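Visitor: I'd like a close look at just one part of this model, please, with enough of the surroundings to place it. Pick a spot where two pieces pack together and talk me through it.

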Amino acid sequence: LAADQGDVDAQCNLGACYGNGDGVEKNMEEAVRLLRLAADQGHAKAQYNLGLCYGNGNGVEKDTEEAVRLYRLAADQGDVDAQCNLGACYGNGKGVEKDLEEAVRLFRLAADQGHAGAQCNLGVCYHYGNGVEKNVEEAVRLLRLAADQGHAYARAALHSLGVS
């Protein structure tokens with residue numbers, strides 16, 4: 001197998017298969033082992049996925065600080081999912097000191113690349129003035145971008161604002 005021969009993409013993909021039980025019996029320990037092999041070689045998606053494992057305690061003991069470290073490695077390589085999750089960590093103070101301005105910066109990085117979750121999170125920041133000056137028009141614009149991609153929370157937020 002390519003994963004056994006050190007192919008980082010194969011290690012990451014097979015790790016995801018074991019983590020989700022796709023085509024193989026679900027095995028979180030094997031998922032973590034494979035993801036760690038790829039993550040240690042600098043594979044951004046593997047770093048992100050391994051961060052999820054640590055953040056949720058799946059296959060490893062829950063460790064939000066390790067999750068943040070892995071998200072940061074992936075985010076620095078441009079992984080939009082990691083940018084969004086790292087932003088949420090900063091926004092909630094999970095595994096890192098709460099920093100709303102840093103959360104906004106990270107959400108903006110991912111939102112500018114079309115990440116619906118980041119667009120929604122950034123929209124909420126603008127709506128409440130968390131880490132940015134309150135701007136309802138910008139909040140609605142961002143929430144619409146996310147809702148147009150099928151983001152359920154963004155749709156509900158728009159509905160609660162009375163915006164269709």
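Guide: Helices here are DSSP runs of H or I with at least four residues, strands are E runs of at least two, and both are numbered from the N terminus. On that count, this predicted model has nine helices and zero strands in its protein chain. Read from the N terminus, the order is simply α-α-α-α-α-α-α-α-α. The C-alpha trace spans about 55 × 30 × 25 Å along its principal axes, and 43% of the chain's 164 residues are buried.

Let's go to the pairing of α3 with α4. Helix α3 covers residues 44-56 and helix α4 covers residues 64-76. Two numbers describe how a pair of helices packs: the angle between the axes and the distance between them. For this pair the angle is about 165° and the axes are 8 Å apart. Anything over 145 degrees counts as roughly antiparallel, so that is the label for α3 and α4. Their crossing is left-handed.

Now for who touches whom. On the α3 side, the contact uses Ala-44, Gln-47, Tyr-48, Leu-50, Gly-51, Leu-52, Tyr-54 and Gly-55. Across from them, α4 brings Thr-64, Glu-66, Ala-67, Leu-70, Tyr-71, Leu-73 and Ala-74. By type, the residues in this contact split into 10 nonpolar, four polar and one charged. If you're hunting for the charged one, look at Glu-66 on α4; the glycines, Gly-51 and Gly-55, are counted with the polar group.

While you're on α3, have a look at Asn-49, which also lies in this helix. Its relative accessible area is 18%, and the cut-off for buried is under 20%, so Asn-49 counts as buried. Setting aside neighbours within four places in sequence, Asn-49 is in contact with Cys-12 and Leu-35.

For contrast, swing over to His-159 in helix α9, residues 152-160. With a relative accessible area of 66%, His-159 is exposed. The C-alpha atoms of His-159 and Ala-110 are separated by 24 Å, and the two residues are 49 apart along the chain.

Zooming back out, take the chain's contacts with a separation of 6 or more: 39% of them join residues 24 or more positions apart. As for the outside, the chain exposes about 8,600 Å², with carbon and sulfur atoms supplying 45% of that area.

Notes
Residues numbered from 1 in each chain as written. Predicted model: local features only at pLDDT ≥ 70, side-chain atom pairs only at ≥ 80, totals over all residues. Heavy atoms only, no water. Axes fitted to C-alpha atoms, helices over the stretch in contact; angles between N-to-C directions. Parallel < 35°, antiparallel > 145°, perpendicular 65-115°, else oblique. Left-handed = near helix turned anticlockwise from the far one by under 90°. Contact = heavy atoms within 4.5 Å. Buried < 20%, exposed > 50% of the residue type's maximum accessible area, 1.4 Å probe, protein only. Areas by Shrake-Rupley, 256 points an atom, 1.4 Å probe, with all protein chains shown as cover.
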